[in-house]
Amino acid sequence: MPNTLKKIQQSQDILFEKIIKKNKESYFLDTWSEEYFDVNKKGHIIVKPNKTGKGIDLYELTNSLVKRGIQPPILFRFDGIIRDRIKNIYEAFENAIQEYDYQNSYELAYPIKVNQQKHVVEVLKQSDGTHPLSLEVGSKPELIAVLSFYHLDSKKETLLLCNGYKDEKYIELALLSRKIGLRPIIIIEQYYELDLVLKLAEKLNVDLEIGFRIKLHSRGSGKWASSGGEHAKFGLNVHEINQAIKHLTSLEKENCVKLLHFHIGSQLTSIMPFKKALREAARTYVEIAKLCPAMSFFDVGGGLAIDYDGSKTSQDCSMNYTVDQYARDVVYSIGSLCKEENLKDPMIISESGRAIVAHHSILVTEVIDISYALDKNSILEPPDSEHENLLELYEIYNNLDEDNYMEALHDCWDLKDDIIERFTNGALSLEDRAYAEKVIRHLMEKILKLSKKLKFKSKEIEKLNDQLLDMYFCNFSIFQSLPDAWAIDQLFPVMPIHRLNTVPTRKSSIVDLTCDSDGTIKKFVNPKKISKSIFLHELDSKAYYLGIFLVGAYQETLGGLHNLFGDTNAVHVEVDEFGYWELKHQIEGDTIREVLEYMQYKKGDIIQNLLNSIEKSLKNQTITLEESLMLKKNFKEVLESYTYLVV
Ligand SMILES: *Cc1c(COP(=O)(O)O)cnc(C)c1O
C-alpha cells in the first residue's frame with residue numbers, strides 16, 4: 001500500500017477506535033457485561049463465554065444464521081457462559097471456605113423454575129465432575145422434568161430439593177426417586193405435609209430425609225421483599241418447626257431432619273438485610289441441630305442478584321455486593337456459630353438460579369421501521385390559511401429565542417388545546433390541523449435545541465425531551481420475550497450489535513410488534529439515572545440488529561402469547577478459545593399453526609372451514625378458480641410459518 005493510503009487507513013482506524021470507546025461508554029457496556037461481551041475492531045459485539053480468548057462476532061453469527069434460514073428474532077444461548085457462572089460461584093464459596101477454615105463443602109443447586117428448557121438443563125447436567133449440581137423443584141411438572149433427564153450414570157448422587165406445595169403423588173414420586181440414584185430431601189413448607197410425608201415413606205419403605213423451610217422474621221430487599229418476613233406465603237414459623245420436632249422426636253424420627261432452608265426473595269439488591277436473615281437462619285440451624293443431631297445441610301435459597309444496570313447499588317435492578325462477598329457472609333455466619341456451639345459444620349447449599357443463567361441468553365431483533373418524531377426534511381412555511389390560531393402559532397415559532405422559550409412552550413400548549421377543540425367543532429379543516437401539528441413539532445424541537453445550553457433543566461423540558469423520541473419498531477414481542485420488562489419494570493441492557501464504529505444519532509424509544517401500547521421498552525441502562533431513551537443509528541441498506549442482553553432467567557417461562565406471537569427461534573452456540581463456533585441445537589420457534597393449536601384451533605378444522613368458504617364463494621362467483629388456488633396456497637404456507645415478520 002502506498003504510504004499516503006496507509007496513513008489515511010491509520011487515522012481512520014484511530015477514529016473508529018475512539019468512536020467504539022465512546023459507544024461502549026454510552027451503552028455502559030463494561031458496567032453490566034461481566035466481561036462476557038465486548039466490541040471488536042469492526043464495531044461488532046463479540047461474546048466471550050470464558051471472558052477470555054478471541055470471542056465470537058455476534059453480528060456475523062446472526063448473518064450466518066439468517067443465511068441458514070433462521071430468522072430474527074433469534075434467542076442466542078451461550079452454554080459456555082452458564083458453565084463459567086457455575087465455576088465463578090463455586091470459586092467464591094471455595095475461597096470463603098478456605099479463608100474461614102470451614103469444615104465442610106458447598107454445593108450449588110439449580111432451581112429449575114428459572115429456566116426449565118431441556119437444553120439449558122442439559123448444560124447444567126453436563127457441568128464437569130468437579131462442580132456437581134443439585135436440583136431444586138417446586139412442582140410436580142418440574143419433578144417429572146428432572147426425573148425424565150436424570151440418569152444413573154451420573155458420577156455422584158444428586159441432591160434433589162423438593163419445595164413447593166405437595167400432594168401425595170408429588171411426595172411419592174420424590175421419595176421413589178431415591179431408588180434410581182437421586183437423593184431427595186423433602187422440604188416441609190406447610191405443616192400438613194409432615195404427616196403425609198411420614199405416612200408415605202412408611203408405606204413405600206424408603207429412607208426419609210426432610211428439611212424445614214423457615215419463615216424468617218427478617219426480610220430481604222428489592223422487588224421480592226415480601227417473599228420473606230412472617231407473612232410470607234411459604235414456610236413454617238418457629239412455633240411450627242418446634243412442634244414438628246417434638247412430634248418427630250415422640251416417634252423417634254428426629255434423625256430424619258437434615259436441612260434448614262430459607263428463601264427471602266429473588267434479586268436481593270442489598271447485602272445488609274440478607275446478612276440479618278443469615279444470622280437469624282444460622283441461629284435457627286444450630287438450635288435445631290441440638291435437637292436433631294443428623295442435621296447436615298444449611299440451604300440459603302436463591303436471591304443472589306444480577307447487576308442489570310451496572311450501578312453496583314441497591315436499586316431494584318442492581319446489587320450492592322459481589323458474589324465473593326455473598327459467599328463469605330454465608331460461610332462466616334454459619335461457620336462461626338457452629339464453632340461457638342461446638343457443632344459440625346453443615347454442607348452449605350445455595351439455590352442461585354438467576355445468577356447462573358441470566359447472562360447466557362441474548363435476544364437479537366431487527367429494526368423494521370422508524371417513526372420519526374420530526375421528519376428530517378420537513379420545512380416550515382407560513383400557513384396558507386388565514387386562521388388566527390395558525391398565524392399565532394407560526395408567530396410564536398418565528399419569535400422563539402433564548403429568553404422566551406418557556407413562555408412560548410406554555411402558549412403553545414394552550415393553543416394546541418384550542419386548535420383541537422376547534423377542529424372537533426368543525427371550525428378547522430383536516431389540513432389546518434395537520435399544519436398546526438407540524439408547527440408544534442418544529443417548535444418543540446427548537447425549544448429543545450435552545451434549552452441544550454442550560455445547566456439545569458426544568459421538569460417540563462425534561463418531559464419534552466422524553467416525548468420527542470423516534471420510535472424504532474422491532475421484530476419481537478415484549479410479552480413473549482421480555483415479560484418482566486412489562487410486568488415488573490425490569491431493566492434489560494439493549495444496544496445495537498453492529499455499527500458501533502459509527503455514531504448513533506437518533507434519540508429513540510423501542511417498540512414491539514404487538515398492538516398494545518405497553519409493548520415498548522421503557523427503561524434503558526444508565527447507572528446514574530435510568531434513561532427513558534436510547535441512541536440508535538439511522539437505517540441504511542442493510543438490516544439493523546439490536547441485542548437485548550441478560551435475558552436468560554425467568555423470561556422464557558413467564559412469556560405469553562399476546563397477539564399470538566409465539567416462541568422465538570433459539571440456538572445454542574458453543575465457542576472455543578479461538579473464536580470457532582458450533583451450533584449445538586437449533587430450536588425452531590412456534591409456527592402459526594402451533595400457537596393456534598394452543599387456542600384449540602385444529603389444523604384440519606381451519607383448512608376445512610376455509611375450503612367451505614371458498615366453495616361457497618366460487619358458487620357465488622365472488623372468486624375465480626385461479627384466485628381460490630392462490631388463497632389456499634398462501635393460507636397453508638402462512639399457517640406453517642414463523643409468527644414474527646419475515647423480512
Ligand atoms: C425462585 C426460587 C429460587 C431461585 O431464586 P433466584 O433469585 O433466581 O436465585 C430458589 N429457591 C426457591 C425456593 C425459589 O422459590
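How many aromatic pairs does the structure hold? In this predicted model, the structure holds 20 aromatic pairs. One of them is formed by Tyr90 and Tyr106, whose ring centres lie 5.3 Å apart. The planes of these two rings stand at 70° to each other, and the pair is therefore classed as edge-to-face, the cut-off for that class being over 60 degrees. Tyr90 belongs to helix α4 (residues 79–99), whereas Tyr106 belongs to strand β5 (residues 106–111); the pair therefore ties together parts that are 16 residues apart in sequence.

The surroundings of the ligand were examined next. The ligand is surrounded by 17 residues, of which Lys113, Ser266, Glu351, Gly353 and Tyr554 come nearest. Sorted by class, this shell comprises nine polar, five charged and three nonpolar residues. Polar atoms of the protein approach oxygen atoms of the ligand at several places, including Lys113, where a polar side-chain atom lies 2.7 Å from a ligand oxygen. At Gly303 the approach involves the backbone, with an N or O atom 3.0 Å from an oxygen atom of the ligand. A polar backbone atom of Arg354 is likewise found 2.9 Å from an oxygen atom of the ligand. The ligand exposes 390 Å² when taken alone, and the protein buries 92% of that area. The space that the ligand takes is the second largest pocket.

Two features of the backbone were also noted, both in loops. Most peptide bonds are trans, and most residues other than glycine have a negative phi. Against this background, the bond that joins Pro72 and Pro73 is a cis peptide bond, with omega at about 0°. Pro73 is placed in the loop between α3 (58–67) and β4 (74–78). The second feature concerns Asn342, which has a positive phi of about 60° although this residue is not a glycine. Asn342 is located in the loop that runs between α11 (323–340) and β12 (347–350).

Definitions and conventions
Residues numbered from 1 in each chain as written. Predicted model: local features only at pLDDT ≥ 70, side-chain atom pairs only at ≥ 80, totals over all residues. Heavy atoms only, no water. Near = heavy atom within 4 Å. Polar contact = N/O pair within 3.5 Å; in protein donor to acceptor, adjacent residues only side chain to side chain. Areas by Shrake-Rupley, 256 points an atom, 1.4 Å probe, with all protein chains shown as cover. 1 Å grid on protein atoms, 1.4 Å probe; cavity = no way out; pocket = protein on both sides within 12 Å on 5 of 7 lines; lining within 4 Å. Sits in = over half its atoms within 2 Å of the grid points. Nonpolar A, V, L, I, M, F, W, Y, C, P; charged D, E, K, R; others polar. Phe/Tyr/Trp six-rings, centres within 6.5 Å; stacked < 30°, edge-to-face > 60°. Helix = DSSP H or I, 4+ residues; strand = E, 2+ residues; numbered from the N terminus.
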